[in-house]
Amino acid sequence: MTRYIFVTGGVLSSLGKGISSASIGALLKNSGLDVSILKIDPYINVDPGTMSPLEHGEVFVTADGAETDLDLGHYERFLDVKLSKLNNFTTGQVYLSVIKRERKGDYLGKTIQVVPHIVDEIKNRIKKAGRGKDVLIVELGGTVGDIEGLPFLEAIRELTHDLGIHKAYNIHVTLVPYIAAAGELKTKPTQHSVQELRRIGISPDMIIARCEKPLPQEVREKIARSCGIPTESVIEARDAETIYKVPLNFLRQEILKPISHQLHLGELSPQMDEWDFIVKKIIAPKDEVTIAFVGKYLGLKESYKSLTEALIHAGAALDTKVNINWVDSELIEAEGSEGFLRDVAGVLVAGGFGERGVQGKIEAIRYAREHKIPYLGICLGMQLSIIEFARNVLGIEEANSMEFDPDTKYPFIYLIDEFIDHSGQKQIRTHKSPMGGTMRLGEYACKVKEGTKLWEAYNHQNIIYERHRHRYEANPEYRELLEQNGMIVSGESEEGLIEAVELRDHPWFIGVQFHPEFTSHLQKPNPLIVAFIKNSMMHR
């Protein structure tokens with residue numbers, strides 16, 4: 001029977017519940033257990049797909065096409081697994097499914113209430129995610145006391161009661177701030193947070209204390225005493241040089257001991273030697289390289305979380321620190337490319353939506369093409385590389401994307417009316433289609449052209465599988481014209497959609513429609529991103 005570990009947070013957000021959950025998951029998985037993780041988001045949006053990246057950070061896409069919270073990216077990277085739409089749900093999804101069933105009459109005329117109907121729906125979704133697993137870690141977003149989190153906490157309380165002490169374990173992540181004027185670590189925020197949790201009916205079995213300074217033994221004992229847990233169940237979570245060191249820090253504190261004891265998991269000995277070896281390369285690499293990361297959501301770096309992590313994975317594989325020069329594409333529009341790009345070894349143009357900052361990205365692509373700097377364009381970065389080539393090499397100045405000009409005379413990037421989605425269903429899109437869920441989402445096959453740089457990057461694989469999140473496509477009508485003038489289509493979908501392009505007369509210039517960062521894990525970095533960093537080092 002599945003064991004459940006519930007992870008809640010108190011005092012404030014961004015304490016690292018996701019990294020803590022992923023770290024515990026990695027330790028349990030490397031102990032030989034079959035582990036999965038579920039993220040619950042209490043916001044009312046159905047999914048984060050329509051949220052601004054500045055509001056919520058990156059939208060992570062699963063292989064089966066779910067738009068999910070960025071914590072699922074951490075889970076996949078730490079556990080080296082593929083998660084699905086079962087591993088993330090929101091308040092919006094819960095209420096939507098309950099209301100749909102009520103409209104169909106499935107509740108036989110009963111009055112629909114938060115307790116039991118909403119809470120039962122939450123419990124059923126949690127159990128479904130845990131089916132067949134040894135351990136399911138359930139992370140609840142937000143903090144204890146948030147009004148929108150109450151139904152989820154009630155579901156956790158009921159499940160803890162239903163499952164019994166040896167099947168459920170509650171971890172509370174909280175803040176132990178250091179007050180410099182007093183020269184002390186303060187435990188009162190943790191005490192208040194645990195009191196709030198207890199008022200709801202949940203008693204924590206472990207406290208993970210986020211702190212800037214080491215937790216002295218007397219502080220640990222004070223937290224343990226006030227929260228009613230053993231001292232060994234107070235775990236210090238200090239800032240680490242890299243997030244990938246957190247599992248090792250937890251392991252040193254024997255975090256699995258109290259978990260295993262209560263859940264009857266036996267003696268656990270995680271095999272973390274390879275992990276430790278990679279972490280050492282991240283912290284103290286032999287080489288370094290600088291690339292320009294051209295984007296427009298730079299106010300919140302978490303907008304590109306999977307991509308920045310993928311660069312760390314690639315750097316570790318090459319024993320190299322990847323320094324990122326963050327370049328706002330709107331500044332390039334105002335000041336030109338030279339000052340931002342002349343000293344970098346590679347140029348990366350990431351995905352994005354909307355017209356703002358596009359001209360700056362096109363200028364950055366032109367600079368990389370003309371100055372023979374290794375270039376990787378992802379999603380919009382590929383589409384803009386085609387538009388830049390059309391305008392500045394083919395001389396078609398009005399070449400554009402229908403995303404920016406629906407009536408353009410030269411739609412090098414266009415809106416495909418019909419396509420088969422990940423589940424095999426036909427989808428129809430127009431400019432008036434709703435924003436949510438109308439993109440090409442999830443994992444698709446891409447046929448790779450032999451002898452190309454893409455083929456070399458993917459170790460001579462003829463078919464690769466990568467994840468997508470986009471609405472517009474490269475227009476195959478212009479394929480022949482592009483190829484006659486030096487832009488090769490090096491990857492295409494099974495339906496003939498253009499998936500990747502590269503330049504014949506350039507040391508290394510690749511644009512891909514898919515998002516290679518979504519499949520990059522610490523122990524298995526994405527080969528395309530490794531190839532980009534490797535070529536940036538060779539041509540610097």
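How many bridges join strand β20 to β23? Two, and the strands run antiparallel. Before going further, note that this is a predicted model, in which local features need pLDDT of at least 70, side-chain atom pairs count only at pLDDT 80 or more, and totals for chains, interfaces and linings use all residues. Residues are numbered from 1 along each chain as its sequence is written, and side-chain values use heavy atoms, with hydrogens and water left out.

**Stop 1: β23 and its partners**

Select residues 487-492, strand β23. Strands (E, at least two residues) and helices (H or I, at least four) are DSSP runs, numbered from the N terminus. Five of the six residues here are buried, so β23 is largely enclosed by the rest of the structure. Buried means under 20% relative accessible area, exposed over 50%, and partly exposed in between (1.4 Å probe, protein chains only).

Add β20, residues 440-448. Find V448: it stands opposite G491 in β23. Two strands pair if DSSP finds at least two bridges between them.

Now add β24, residues 498-503. Five bridges join it to β23, again antiparallel. G491 turns up here too, opposite A500. Between β23 and β24 the hairpin has five residues, and G496 takes a positive phi near 90°.

**Stop 2: β7**

Select residues 168-175. Eight of the eight residues of β7 are buried, so the strand is largely enclosed by the rest of the structure. In a regular strand the side chains alternate between the two faces of the sheet. Show side chains: A168, N170, H172 and T174 point one way, and Y169, I171, V173 and L175 the other.

Bring in β1, residues 3-9; six bridges join it to β7, and the two run parallel. I5 is opposite Y169. Then show β10, which runs parallel to β7 with five bridges. There, I208 is the bridge partner of V173.

**Stop 3: P204**

Move to the loop between α7 (188-200) and β10 (206-211), and pick P204. Is this proline buried or exposed? At 5% relative accessibility, P204 counts as buried. Leaving aside neighbours within four places in sequence, P204 is in contact (heavy atoms within 4.5 Å) with N170, H172, V194, L197 and I229. Draw a distance to P216: the two C-alpha atoms are separated by 21 Å, with the residues 12 apart along the chain.

**Stop 4: aromatic rings**

The structure holds 12 aromatic pairs. Select F78 and W275: this pair is tilted, 5.6 Å centre to centre, with 55° between the planes. F78 is in helix α3 and W275 in helix α11 (residues 273-283), 197 residues apart. Rings of Phe, Tyr and Trp (its six-membered ring) pair if their centres lie within 6.5 Å; planes under 30 degrees apart count as stacked, over 60 as edge-to-face and the rest as tilted. Both F78 and W275 are buried. Add Y244, which ring pairs link with F78 and W275 into a cluster.

**Stop 5: the largest pocket**

Select S14, L15, G16, D71 and E302. Of the 37 residues lining the largest pocket, these are the closest to its centre. Its lining has 11 nonpolar, 11 polar and 15 charged residues. Ala, Val, Leu, Ile, Met, Phe, Trp, Tyr, Cys and Pro count as nonpolar, Asp, Glu, Lys and Arg as charged, and the others, Gly among them, as polar. A pocket, on a 1 Å grid over the protein atoms alone, is an open set of points with protein on both sides within 12 Å along at least five of seven lines; lining residues have an atom within 4 Å of a point. Finish on α1 (17-29), which gives the largest share of the lining, four residues.

Technical notes:
On a 1 Å grid over the protein atoms alone, a cavity is a set of points where a 1.4 Å probe fits but cannot get out, and a pocket is an open set with protein on both sides within 12 Å along at least five of seven lines; lining residues have an atom within 4 Å of a point.
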